[in-house]
Amino acid sequence: MRYITALIIMVLFSSTSYSQTYEIGIMAGGANYIGDVGSTSYISPNKFAFGGIAKWNRSNRHSFRASLLYTSLSADDADADDSRRNQRGYEFENSILEGSLGLEYTFWEWNLHNYKPQFVPYLYTGITGFLSNEMALDRNKMPIVINGSLYLKPNYYHQVSRMCLIEDEINEEP
C-alpha cells in the first residue's frame, strides 16, 4: 500500500512540476482565537492549523482555487491580561473545518515560466464555508461567506535555484 501511495504522489508532483497549469500544495501554521474570551494578544498562535490547496492556472492572469483548512481553536480567560476576564473565567475548545472555492485575478501578467524575480499583487474572491462543533451556530446550517482579499505573490524560484548552485559550488572539492 505504501508503494502505491508513493507512486501516486510522484505522479501528481511530476505532472505539476513541468507545466504549472495545475498546482497542489499543503498549508501549515498556527491559529488562535481573537475575540472576547481568552488572551488579549491578537497574534498569539496556540494551536496547529493545516490544510491543502489546489489551483488551476487558467491563464497568466487568473486561476481557479480550492482550499481546505482544519484547526482546533481554544481560549481561556485565565490567559488574559485583563483582570475582569480572569475573574469571569470563560474557556472553550472547538474544531473548525473551512472550505473555499474562488478565483485569483492577477493585476499584471504572471509568467510561471519566467525565472526572474517577480512580485505581483492579486485579488482573491470566492465563497467560503465552515463547519464547527456547536458554539453559537445552528448545527443544521453551514455559515457561508463571500470574501475578497488583496495579496502579493512573490516568485523565489530564481533565487532558490541560484542559492542551490552556489551551495553546490562551495561543497565541491578541487
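This is a conversation between a trainee and a mentor about reading a predicted model of a protein chain.

Trainee: Where do I start? Which elements make up the secondary structure of the protein chain?

Mentor: Start with the count and then the order. This predicted model has three helices and six strands. Going from the N terminus, the elements run α-β-β-β-α-β-β-β-α.

Trainee: How many residues are there, and what share of them count as buried?

Mentor: The protein chain has 174 residues, and 22% of them count as buried. For the outside, look at the area: the chain exposes about 12800 Å², with carbon and sulfur atoms supplying 61% of that.

Trainee: And what do contacts say about residues far apart in sequence?

Mentor: Take the contacts between residues at least 6 apart in sequence. Of those, 58% join residues at least 24 apart.

Trainee: Let's try a single residue. Is Thr-128 buried or exposed?

Mentor: Buried means under 20% relative accessible area. Thr-128 has 8% relative accessibility, so it counts as buried. You'll find Thr-128 in strand S5, which covers residues 118-132.

Trainee: What does Thr-128 touch, beyond residues up to four places away in sequence?

Mentor: Glu-98, Gly-99, Ser-100, Pro-143, Ile-144, Val-145 and Asn-147. With Ser-100 there is also a polar contact, side chain to side chain, at 3.2 Å.

Trainee: Can I read Ser-95 in that way? Which strand is Ser-95 in?

Mentor: Ser-95 sits in strand S4, residues 91-106. Its relative accessibility is 14%, so Ser-95 counts as buried. Setting aside neighbours within four places in sequence, its contacts are Tyr-70, Thr-71, Ser-72, Leu-131, Ser-132 and Asn-133.

Trainee: Now the surface. Which residues form the nonpolar patch?

Mentor: Phe-48, Phe-50, Leu-68, Tyr-70, Leu-97, Ile-127, Leu-131, Met-142, Ile-144 and Ile-146, with about 1000 Å² of accessible area together. Strands S2 (47-57), S3 (62-76), S5 and S6 (144-155) each supply at least two of the patch residues. Try Ile-146, in strand S6: at 71% relative accessibility, Ile-146 counts as exposed.

Trainee: What about charged residues? How many salt bridges does a search of the whole structure find?

Mentor: The general idea is that side chains of opposite charge can pair when their charged atoms come close. Here the search finds five salt bridges. One of them joins Lys-47 and Glu-93, with the closest N and O atoms 3.8 Å apart. Lys-47 is in strand S2 and Glu-93 in strand S4, so the pair ties together parts that are 46 residues apart in sequence. At 25% relative accessibility Lys-47 is partly exposed, while Glu-93, at 54%, is exposed.

Trainee: How far apart are the closest N and O atoms of Asp-77 and Arg-88?

Mentor: They are 2.9 Å apart, in another salt bridge. Asp-77 lies in the loop between S3 and helix H2 (83-88) and Arg-88 lies in helix H2, so this pair ties together parts 11 residues apart in sequence. Asp-77 is buried, with a relative accessible area of 0%, whereas Arg-88 is partly exposed at 36%.

Trainee: What do the side chains of Arg-84 and Asp-82 do?

Mentor: They meet in a salt bridge too, at 3.4 Å from N to O. Arg-84 is exposed, with 62% relative accessible area, and Asp-82 is partly exposed at 23%.

Trainee: Which residues are linked in a network of salt bridges?

Mentor: Look for Lys-55, Arg-65 and Glu-104, which are linked in such a network.

Conventions: Residues numbered from 1 in each chain as written. Predicted model: local features only at pLDDT ≥ 70, side-chain atom pairs only at ≥ 80, totals over all residues. Heavy atoms only, no water. Helix = DSSP H or I, 4+ residues; strand = E, 2+ residues; numbered from the N terminus. Buried < 20%, exposed > 50% of the residue type's maximum accessible area, 1.4 Å probe, protein only. Polar contact = N/O pair within 3.5 Å; in protein donor to acceptor, adjacent residues only side chain to side chain. Contact = heavy atoms within 4.5 Å. Patch = residues over 30% accessible without salt bridge, like charges linked within 9 Å, V, L, I, M, F, W, Y side chains within 5 Å. Areas by Shrake-Rupley, 256 points an atom, 1.4 Å probe, with all protein chains shown as cover. Salt bridge = Lys/Arg side-chain N within 4 Å of Asp/Glu carboxyl O.
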